[in-house]
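Here are a few exercises to work through with the model open beside you. Try each task on your own before you read its solution.

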Amino acid sequence: MRISVLGCGYLGAVHAACMAKLGHEVVGIDVDARKISELSLAKAPFYEPGLDELLAEVQSTGRLSFTTDLSAAQGSRVHFICVGTPQKKGENGADLTYVESAVTGLLPHLSPGDLVVGKSTVPVGTASHLADRVTAVAPDADLAWNPEFLREGHAVSDTLQPDRFVYGVANSSSQHLTVELLDEVYAGPLSEGTPRLVTDLATAELVKTAANSFLATKISFINAMAELCEATGADVTQLADAIGMDDRIGRKFLNAGIGFGGGCLPKDIRAFMARAGELGADQALTFLREVDSINMRRRSRVVELTRALCDGSLLGKNITVLGASFKPDSDDVRDSPALSVAAQLQLQGAIVTVSDPKALRNASLRFPELQYEPSTELAVKGADALLLLTEWQEYRDLDPCELVDAVATPRILDGRNVLDPAKWRAAGWTYRGLGRP
Ligand SMILES: NC(=O)c1ccc[n+]([C@@H]2O[C@H](COP(=O)([O-])OP(=O)(O)OC[C@H]3O[C@@H](n4cnc5c(N)ncnc54)[C@H](O)[C@@H]3O)[C@@H](O)[C@H]2O)c1
Ligand SMILES: O=c1ccn([C@@H]2O[C@H](COP(=O)(O)OP(=O)(O)O[C@H]3O[C@H](CO)[C@@H](O)[C@H](O)[C@H]3O)[C@@H](O)[C@H]2O)c(=O)[nH]1
């Protein structure tokens, strides 16, 4: 099937490559000429494990191409909308200008029988409004909402082997054709047993924001427990292991630390609250305000703990921050807790050096005032304290005995609770975890 993908960022570039891998003929379209020229050379414009290899593989088949020319969408049967929906400046709500302009640009290129499929995360009600816009101009075309649940760092496998598909479809006479078309798009994973749920448009939109809200709540719950552990001398890691053994709770997403960031969870819970307010249902989501504030409190807590670790003063202290991306195996620094902590420490007088295996280019664009050093060995040299804030494997594997002579004072704050405190203490370090004695 011929497919177009509008928006080739973290979601769309992976989606386009994966659709080609499933055997479809795909054109990826983006307004960003730099991204398109890199993708045309089979090079991912961001770091995502396995994506460069997949792009090279599918581009060699001739089934995948990229362009900035929206008219290339003409002739595709299915058009995926994968453009950004960031938080509006100074407000909680989602900025839908990119979605609106992508749909506006697409309308003249639609043919009868075409299907527009939204994958971007949008406030509930957006899909029905966009469906009206599509059918007003192209009465024989349809719109469905098919939210995406991939995680950065695992984006390729999450797209090819998702936990489930959700098809939000409009209540129309062509509903069964829409479902059949989506089944044809996803025939590969469906034949391997991936479940699919067919819902109305509003439910599909809500499934996505509810899932991210639940994940954010789980993280803030364990971080609230970490605050209590800090107040009582208990150990939040053991607590998470113990409650996580209950099948009804589960151990996943119970890692306490400096909290969640990225281009999704923080802005999605805020947009959800804003939309609930517009719908007169804001009371239903007041708990998300608490989820957000517990999360932001973690960042200030790390700054305070670093000050305490540095004998009560940050002024002139050399602090090395290990990790810049919002999570390991990604170069994405959107709302990165690590960079937010690094910037706060610098503002309070510390001399901060940030290191990261992949994210330094993005980090230096966003925080040009910080110092960056790609080599871990050089970054830690002469440090008064190390802060492990993004748990890349190479930081988990650091040898405390090898490192102890490189730093000025052997102090480490483990912001992700991934190091073995006994091993670090035995090597002469002052070790601090979060919510750990
Ligand atoms: N990143 C993820 O892991 C992920 C996962 C699931 C859902 N989502 C959702 O997917 C959407 C995209 O997120 P992202 O992380 O890929 O964002 P992104 O910023 O990486 O990519 C968005 C892309 O859309 C392009 N764009 C903007 N306007 C356009 C237009 N009119 N026509 C064509 N392209 C246009 C931008 O140039 C950019 O390359 C968001 O709604 C997000 O919430 C993201
Ligand atoms: O136990 C945990 C798990 C995660 N995190 C943090 O939470 C954030 C988000 O992590 P994760 O959810 O793995 O990353 P994303 O790639 O942002 O994926 C989320 O957001 C995407 C965009 O909506 C969804 O598609 C995914 O299903 C959803 O997991 C990161 O900062 C993590 O460090 C924790 O602090 N503790």
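The exercises below go from the whole chain to its domains, its ligands and some single residues.

Before you start, note that this is a predicted model, in which local features need pLDDT of at least 70, side-chain atom pairs count only at pLDDT 80 or more, and totals for chains, interfaces and linings use all residues. Residues are numbered from 1 along each chain as its sequence is written, while chains are lettered from A and ligands numbered from 1 in the order in which they are written.

**Exercise 1. The whole chain**

Task: Describe the make-up and overall dimensions of the chain.

Solution. Begin with secondary structure: the chain has 18 helices and 14 strands. Helices (H or I, at least four residues) and strands (E, at least two) are DSSP runs, numbered from the N terminus. Next, take the radius of gyration over C-alpha atoms and compare it with the globule rule, 2.2 Å times the number of residues to the power 0.38. The chain comes out at 23 Å, close to the 22 Å that the rule gives for 437 residues, so it is as compact as a globular protein of that length. Its C-alpha trace spans about 70 × 50 × 40 Å along the principal axes.

Then turn to burial. A residue is buried if 20 or more other C-beta atoms lie within 10 Å of its own, exposed if 12 or fewer, and partly exposed in between, with C-beta atoms placed from the backbone. Of the 437 residues, 48% count as buried.

**Exercise 2. Two domains and a core**

Task: Find the domains, then look at how they meet.

Solution. The domain assignment gives domain 1 (2-194) and domain 2 (201-437); such bounds come from an automatic or database assignment. The contact between them takes 27 residues from domain 1 and 26 residues from domain 2, where two residues are in contact if their C-beta atoms, placed from the backbone, lie within 7 Å. On the domain 1 side, helix 5 (126-137) and strand 7 (165-169) each supply at least two residues, and helix 5 gives the most, with four. That side divides into 17 nonpolar, nine polar and one charged. Here Ala, Val, Leu, Ile, Met, Phe, Trp, Tyr, Cys and Pro count as nonpolar, Asp, Glu, Lys and Arg as charged, and the others, Gly among them, as polar.

Now look inside. A nonpolar core is a set of buried Ala, Val, Leu, Ile, Met, Phe, Trp, Tyr and Cys residues joined through C-beta atoms within 7 Å. In the largest one, of 124 residues, V5, A17, I81 and V321 touch the most other members. This core draws at least three residues from each of domain 1 and domain 2.

**Exercise 3. The ligand shells**

Task: Which residues come nearest to ligand 1, and which are the closest to ligand 2?

Solution. Count a residue as near a molecule if its C-beta atom, placed from the backbone, lies within 6 Å of it. Ligand 1 has 27 residues around it, with G7, G9, L11, S120 and T121 nearest. Helix 4 (residues 97-106) provides the largest share of this shell, four residues. By class, the shell around ligand 1 has 12 nonpolar, 10 polar and five charged residues.

For ligand 2 the count is 21 residues, and the closest are E152, N255, F260, G262 and C264. Helix 9 (residues 201-232) gives the most to this shell, with three residues. The shell around ligand 2 draws at least three residues from each of domain 1 and domain 2.

**Exercise 4. Two lysines**

Task: Are K327 and K218 buried, exposed or partly exposed?

Solution. Start with K327, in the loop between strand 9 and helix 13 (337-347). K327 is buried, because 20 other C-beta atoms lie within 10 Å. Leaving out residues up to four places away in sequence, K327 touches E152, G153, G262 and T390.

K218 lies in helix 9. With 18 other C-beta atoms within 10 Å, K218 is partly exposed. Neighbours within four places aside, K218 is in contact with F253 and L254.

**Exercise 5. A positive phi**

Task: Where does D311 lie, and is D311 buried or exposed?

Solution. Phi of D311 is near 60°, a positive value in a residue other than glycine. D311 sits in the loop between helix 12 (286-309) and strand 9 (318-322). D311 has 11 other C-beta atoms within 10 Å, so D311 is exposed.
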